[in-house]
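Student: I am new to this structure and would like to know how its descriptions are justified. Could we look at it together?

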Amino acid sequence: MVFGQPQFLPLLVLASLPLLVHLLARRQRRVVPFSMTKFLREVAQQTQGRRWLRELLLLLLRTSAVLFALTALVRPYAPILLPLPPAPTAIALVIDNSLSTQGRSPSRLRGRETWFDRSLKSCERVLKEVGAEVALLAADDPSEPVCDFTSEPSRSLNALRQIRPTFKALDLSPALQTADALLAQHPAAVKRILVFTDLQSEPFRSLALPSLKNPLVIVDAKPNEPVGNVRLIAKLRLPLDPNMDGSAITELKNTSKLPLNGCVVAQVAKKSFARLKVSLAAKEQKAIVLPLPSWVLDAANQRGLVEVEIRWESGLDAFAWDDFVRFVFKPPKNLIVINAVREGRQFVDAALKATGITHHESRITLDTDAVIASTPTDSEIAHRLVNWLQQGKKVLLVADSLNSPIWSMLNLSVRPSKSGQKRRVQWVDESHPILQGLGNSLQSVTVQPFVEVNCPSLKALATLEDGTMFLAELSVGSGQCLLLTVPLNLQRNDLVYSPVFVPLVHRFVRFSAYGHELSPEESETEPQAKLGNSTVVPESESDFHLLLRSEFAVGLQKFGATLVTANQLPAALLSETILRDLTSLCFALLLLCLLTESILTLILWKRAR
């Protein structure tokens, strides 16, 4: 039995008042012996016995009347099969609007309805058919309910239609705890937490529910059939050498217990340039390489950009948001380069023109892709270059001035080189993408150093015979600065006439524009592709390697939770354990006791006359 107002339970002791009054009002009689009254004494004892029974009956009726009155005050509820009104019911509905609920059933019979839509339809049935006060909570904002407790279905339905699916991987634990706290403050006798989910969100994936004081019912929005899903992750390797083809490294991961067959398609400007059929066993992971022909780099759209998409196509895949990756980059002929070199400017222009890069600018803008500049003597230009680097950009800096403010801005210690002779390049770090395969050509270059630069964070990429740095790399914020320690003139070096100069300039420009490899990043927003930046949905929402529904039900039993499907009407489940309000029954019994006591008193009064 449940009490709606348990604070009045101590008042039930007042039901003993009639008995207490009766005991206090009893008169003590003294027995006086009297001769020749034996017969009369027996009659008096019989009369006294009947009077004791009448007093006991009246005492019981009065005590029961007081008890029923006090019981009605505490509002009792119990599962009694009588035509009584149901007990007040409060339900906290938690809607899982995480990314995985946007999955769709592969079955054609179910159409293209998402699991989130199925959850909303099932929730609408609860709001319309269960007579209860309902509060709505969305999993993405568990701090406060979308709709407070209300018994008006129209109000809760309007709030339900405002909930939208997100692209986040959500943990439902905070929402469950908020729902439990809301129910703790509600005076209803029947309380229930009802969760509409696809079992992808925590804590269901780990079966580690928080401690709850109220019963928990979980509605699985997925269909009662096996669910398959493959997650696609791709990396686009763009060639720094114009004579080489790139590639798309594609990784397919079957995150379900079903074997899946499909096709990987790579396309640019809605034209396929690679297609491969793939079969994946359950939980299998496979990596494939798709060639990136050279013509793809020139397939620019109207905006002057190349958009490459790698997609997985399978009719049995239930989740579409992790089946594609898009990349956007500028083709080499559209790259914007600033040539601000004082000495050897004509050599840089010739190298850019030889590789088809002819679009030059004189001022750094947001559209600028690469900067090749001498060390600036103007502090404003130096600040602009440093800010450009800190934004994640790349600069090739030619050291041809000792009195540049940029040295202190980059925390570099610079002094004139003491070497008066030209020396040959001896060591080249060919692990760097710009220098791969250029070691032999660079080692034929002779150089007379102009400055010696020292900095703990400076990384040498090429050194001379005496160990002096010739080419170095410095990280500035999220950007990179390549430092050439000699000016581009024939008196100091023969680099501009060597066969390595043109590919070195060309590789630097391409590396500055889109790097060596484009990789997507996880983001809790809709997958999108911007210039040099691509996003994919969180991996945690792609894992459909779930337990069977029967295994889930067994695992949830230890938490006292019940697992049902979206096809089962939650109202039927709630009606099995609903309590009845016994207040009206207590009032009826109270009136019956008072009426019976009145009739009995009237009869006894008439007999006494």
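Student: What share of the 609 residues of the protein count as buried?

Tutor: The share is 48%, where buried means under 20% relative accessible area with a 1.4 Å probe, protein chains only. This is a predicted model, in which local features need pLDDT of at least 70, side-chain atom pairs count only at pLDDT 80 or more, and totals for chains, interfaces and linings use all residues. Residues are numbered from 1 along each chain as its sequence is written, and side-chain values use heavy atoms, leaving out hydrogens and water.

Student: Why is the protein called more spread out than a compact globule?

Tutor: The globule rule is 2.2 Å times the number of residues to the power 0.38, which gives 25 Å for 609 residues. The radius of gyration, taken over C-alpha atoms, is 42 Å, well over that value, so the protein is more spread out. Along the principal axes, its C-alpha atoms fill a box of roughly 160 × 55 × 35 Å.

Student: How do you know that the span of helix α5 agrees with its number of residues?

Tutor: The expected span is 1.5 Å times one less than the number of residues. Helix α5 has 12 residues (173-184) and should therefore span 16 Å; its end C-alpha atoms are 17 Å apart, which agrees.

Student: Which residues of α5 are buried, and what do they pack against?

Tutor: Ser173, Ala175, Leu176, Thr178, Ala179, Asp180 and Leu183 are buried. The buried residues of α5 pack against β3 (89-95), β4 (133-138), β5 (147-150), β6 (190-197) and β7 (216-220).

How values were computed
Helices (H or I, at least four residues) and strands (E, at least two) are DSSP runs, numbered from the N terminus. Buried means under 20% relative accessible area, exposed over 50%, partly exposed in between (1.4 Å probe, protein chains only). Contact means heavy atoms within 4.5 Å.
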